[in-house]
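Reader: I should like to learn how sheets, backbone angles and buried side chains are read from a model. Would you take me through them one by one?

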Amino acid sequence: MPAASRRRPAGSRAARRLRLPLRLPGALALGGALGLAVLPAAVPAASAAASTPAASPASFSATGSLATARSDATTVLLSNGDVLVAGGEDASGNPLADAEIYQASTGQWSAAAPLPLPLAGASGVLLAGGDVLVAGGLTGTSGSLQASPAAELYSPSKNAWTRTASLLRASYDASAAVLASSGDVLYAGGSTGSGSAAATTRASELYDPATGSWAATAGELPLGVEGAAIAALRNGEVLISGGESQASGGSPAVTGSSELYQPSTGFWSATATMPTGVANATATVISSGDVLVAGGQPTAGGNPTATTQLFDPASASWSPAGNLPVASYGASAALLSS
């Protein structure tokens, strides 16, 4: 993927990485500047390619293309194995409202109900009940984008969106994960403001699906970040690592900081620093329970890296791992059944 600067709300955002639940037996890849998807394969650019049979193990093949090319979209694997792609930006940097469903059984895309509000850079997660929560993001038009506090629920069975309570604070490019202990959604960090006033935030919130309400966590992030990798650990804690930090009026800087959220107390704590700080990397909990962080950008708007790193929750320590075959950022990762 070519290097690209992560522009502030005055323009388009960089491609957003995909997060897939660990039960997915294959891998889904979404194109960068022009979105397209494959399961379990990849194609290099948006096209009208038809569906092809599934690839053999350790190989890729083309699958159906999105009807609408997009970047910075929200992508969530549904409980039935289909994939929801919602919002994002068009080629002019305008947020989109339309959504599409990838049907894993056919390799084809179909239109889904559009978002109530066009959004790019929003965070999406699959709730325990099967609905999808999409929160935050950028709205407006290219050149005048603003952070949104909107939160919306998608029901796959009804193919319908409904508004739910808004975030306490508008932000975009935040990190989100479902807590294993409660099913609540942790929404943390991201950026607020626009133009020269854009800044990363330390705020974190919890969404309760039972009440449809947000509440601030007891503590804030030690360091506000956007584009950070997030992983729900097997011990119930949540790890956020890397990302970009920026003060209002300042320049973004990539950090190697790592922060742990403890659901039982609602507080964050700093943990070991990454060997190589990266933004827009992937995070995957592997079979050992360690977290594999792969790729990313070691400098703000810089070239991608092939570096991979392992976090061991038992010792709260990082160690380097083998390099990716190809350097990348804004990519996707999923744990295979093997």
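**Reading strands, turns and a buried serine**

Author: F311 stands opposite W318 in β29. That pair is a suitable place to begin, and it should be said at once that the model is predicted.

Reader: How do the strands of a sheet pair in general?

Author: They pair through backbone hydrogen bonds, in either a parallel or an antiparallel sense. In the present case, β28 (residues 308-312) is joined to β29 by five bridges, and the two strands run antiparallel.

Reader: What is the strand order of the open sheet with β28 and β29?

Author: The order is β26-β27-β28-β29, four strands with antiparallel pairing. β26 (282-285) and β29 (317-321) each have a single partner strand and stand at the edges, so one side of each is left without a neighbour in the sheet. From one strand to the next, the twist averages 25 degrees.

Reader: Which strands stand at the edges of the open sheet β8-β9-β12-β13?

Author: This open sheet of four strands, again described by its order, has antiparallel pairing. Its edge strands are β8 (123-126) and β13 (160-164), each of which pairs on one side only. Neighbouring strands here are turned against each other by 25 degrees on average, with direction ignored.

Reader: How many bridges link β12 and β13?

Author: Five bridges link β12 (residues 151-155) to β13 in the antiparallel sense. Within this pairing, L153 has T162 of β13 as its bridge partner.

Reader: I turn now to hairpins. How many residues lie between β20 and β21?

Author: Five residues lie between these two strands, which form a hairpin, and G236 in the turn has a positive phi of about 100 degrees. β20 (residues 229-232) pairs with β21 over four bridges in the antiparallel sense, and A232 stands opposite V238 in β21.

Reader: With which further strand does β21 pair over four bridges?

Author: β21 also pairs with β24 (residues 258-262), again in the antiparallel sense. There, I240 has E259 of β24 as its bridge partner.

Reader: Are the side chains of β21 (residues 238-241) buried or exposed?

Author: All are buried: V238 and I240 point one way from the strand, while L239 and S241 point the other way.

Reader: Which sign does phi have at D72?

Author: Phi of D72 is positive, at about 60 degrees, although D72 is not a glycine. D72 is placed in the loop between β3 (37-38) and β4 (74-77). Its relative accessible area is 2%; as buried means under 20%, D72 falls in that class because its value lies below this cut-off.

Reader: Where does N280 lie?

Author: N280 lies in the loop between β25 (267-271) and β26. Its phi is near 60 degrees, a positive value in a residue other than glycine. At 4% relative accessibility, N280 counts as buried.

Reader: Finally, consider S175. Is S175 buried or exposed?

Author: S175 is buried, with a relative accessible area of 4%, and lies in strand β14 (residues 175-178).

Reader: Which backbone oxygen lies 3.2 Å from a polar atom of the S175 side chain?

Author: It is the backbone oxygen of A228. Leaving aside residues up to four places away in sequence, S175 touches S123, L186, Y187, A188, A228, I230 and I240. I240, one of these, is the residue of β21 whose bridge partner in β24 is E259.

Methods. Residues numbered from 1 in each chain as written. Predicted model: local features only at pLDDT ≥ 70, side-chain atom pairs only at ≥ 80, totals over all residues. Heavy atoms only, no water. Pairing = 2+ DSSP bridges. Axes fitted to C-alpha atoms, helices over the stretch in contact; angles between N-to-C directions. Buried < 20%, exposed > 50% of the residue type's maximum accessible area, 1.4 Å probe, protein only. Polar contact = N/O pair within 3.5 Å; in protein donor to acceptor, adjacent residues only side chain to side chain. Contact = heavy atoms within 4.5 Å.
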